[in-house]
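Me: I'm in my first year and still learning how to read these pictures. Could you pick out a single part and take me through it slowly?

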Amino acid sequence: MVDSGGQLYTIEGIAAALIMLISAYLVVNATSVYTPGDTHINDMQLEVLGSDALQVMNMPVNGSSEKSPLQEIVENDDASTFNMTFLNYVNNKTGSEMDNLHYTANVAYRNISDGDTTWSYPLASNRNMTAGDHPVRVTEWVLVDKTLPPGAPYPPAERAVLVEVFLWRD
Amino acid sequence: MHNNNGNLSVDFLAGFTIFIIAFIWVATMIPTLFVGLNAHSVDYNAVAYRTSVILAEDPGAAGPVSGAPCFGVSSASGSVWESTTTAPTKCDIARFGLAISRDTPNVLDENKVDRFFSGTDTADPNDKTNFTYPEDYRKRAIFGDYPYRFNISLRIDGENQTRYVGEAIPEADYGYIRRTVLIKSQSNATIDEPLIKERYWSNGTVMQGNYSEDRFTIHFNGTKLLKDITTSPHEINYRNYQIDPSLDTIVINITGLDTLYYDSPSSLTTTNLTGIFLATSPTASTGRLFNDKNTFTYIDGNSTPVGTLPANVTSNISLVIPPGAVISGSTLLANPQVYLTLIFKNNNTIPTINNTYGNWYINSSMSGPFEYDYNAANVTQPQLRPGVLEVAVW
């Protein structure tokens, strides 16, 4: 005596296997659209480096100084000193080789005479930023005694400005 | 009668086998799904960053180290872990940290840097002072259950050598961070022959009269040194440059002592340093904070401290006062004016010469104590030197 109902066992086994394989295939495909896991780490490393450099530049050079190098740079619009000092800090390594980072720096401030809006002007850069570059942004608040906007017919006044640096690697 | 109950049919066996094969294949494929996430690389970078923050932004902590067999129970505390006075053994160091304080990130303490990079590669279970790579550093700076390997290096502007701890960095697959830092040097003072002859020479002209003993006093004005620089005008504007005897090493060199004697008829070549005391006034004979603290006193260029007093001095004395050793924060706050006094008696055994010409030496009784303060003419002030700190972890 033959019972044909037993044929279902094989079909169920094949169906379950197919479901598992299709599920696995979908999951594998799904992982392929993930962004590489460490992209943000390069950004974080650059941010730490740029923040450290600005912070160190904003420390006075001795105990009786009135101003930090960064304050003097902003007050005097001294692009060459900023360029030399900033690049020295961010490119220095403990080994013999230097890093090769690029930056562009601006100074942002509130223009009270123009409806309290935020204006900015370029401070220094060692390369123009292009659309293909992937920069990080680092900032440092600096107290300066300066006429703003530059060239305006007002006497210098003490105020806070934001030094904003875009930093990237080739 | 034949009964089929309990038999395993061939088609069930086939279906079950296909299912199991497919299940095993999928199960073995699951771990490979996470390869693209680079979990190790992410973790290495995170640990490198955390370590750099601990080193560059934290002053560290003295105290019992967790998870390590040690030489007894530690009672150390505070942030001065680099001093063998406050943390006698490496078991008294709970956490490394190179910053001078939590309020001043990226400004590193020279003493902490020197102690941190003084490690050895040889593990000696009986060595209570020197650090061994990797165990001692892992427990105090790297942390975590995974046995990370690492390389921590520091290059200071003006130094030829890069300081480092750890092994060679692999070609790939390691976490990395670089920090820009400033290294604060310690203050020091040199009291040399011209200065002594101008202000502190007990030779009968600059200073009238004879003294049975010569006393030279150094004054630490706690009110000035530790004045809150954030709230009031002060001789110093920034905490980074503050001289704090409870946190900093104080170095005082007294030189040219052999040039102070009366040339003739005296034939003195040495003088006895008979005592050192710290008190709240330059002449205090009672209420002294300590007596004969000679463990930080080096005589005539000797590399080991003078053991007992009195001791013969020919030409120079160096006082290397470790942080908190003689002037702790609480002492300075409780007694804002503290005076460190050295007492000398000459070795001349001829009374008449002693009375007439003796004691041509260093003496601050008339001119007042030497002020250890923010006057750059007296004391070499702390400096900040740029440097770069790198941490690699794998």
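What follows is a close look at one strand of a sheet, with a few words on its surroundings.

Me: Could you walk me through strand β7 of chain B, starting with which strand it pairs with?

Reply: Sure! Keep in mind that this is a predicted model, so everything here is computed from it. Let's start wide and zoom in. Chain B holds eight helices and 17 strands, and 38% of its 394 residues count as buried. Take the contacts in chain B between residues at least 6 apart in sequence: 73% of them join residues at least 24 apart.

Now for the sheet. β7(B) belongs to an open sheet of four strands, and reading across you get β7-β9-β14-β12 in chain B, with mixed pairing. Your strand, residues 188-191, sits at one edge, and β12 (297-299) of chain B sits at the other; each of these two pairs on one side only. Going from one strand to the next, the twist averages 15°.

So who is the partner? That's β9 of chain B, residues 250-254: four bridges join β7(B) to β9(B), and the two run parallel. You can follow the pairing residue by residue. B:Asn188 stands opposite B:Val251 in β9(B), while B:Ile191 stands opposite B:Ile254 in β9(B).

Next, look at the two faces of the strand. In a regular strand, side chains alternate between the two faces of the sheet. In β7(B), B:Ala189 and B:Ile191 make up the covered face, whereas B:Asn188 and B:Thr190 make up the uncovered one. Put that together with the pairing and you can place both ends: B:Asn188 is on the uncovered face and opposite B:Val251, and B:Ile191 is on the covered face and opposite B:Ile254.

For contrast, try a helix. In α4 of chain B (residues 135-142), the buried residues are B:Asp136, B:Tyr137, B:Arg140, B:Ala141 and B:Ile142. Seen down the axis of α4(B), they fall within an arc of 155°, so they line one face of the helix. An α-helix has 3.6 residues a turn, so residues three or four places apart point the same way. Right after α4(B) comes B:Phe143, with a positive phi near 60°.

Finally, step back to the two chains: 36 residues of chain A are in contact with 40 residues of chain B. On the chain A side, α1(A) gives the largest share, 13 residues.

Note on methods:
Residues are numbered from 1 along each chain as its sequence is written. Chains are lettered from A and ligands numbered from 1 in the order in which they are written. This is a predicted model: local features need pLDDT of at least 70, side-chain atom pairs count only at pLDDT 80 or more; totals for chains, interfaces and linings use all residues. Two strands pair if DSSP finds at least two bridges between them. Axes are lines fitted to C-alpha atoms, for helices over the stretch in contact, and angles run from 0 to 180 degrees between N-to-C directions. Two residues are in contact if their C-beta atoms, placed from the backbone, lie within 7 Å. A residue is buried if 20 or more other C-beta atoms lie within 10 Å of its own, exposed if 12 or fewer, and partly exposed in between; C-beta atoms are placed from the backbone. The arc is that of the directions from the helix axis to the C-beta atoms.
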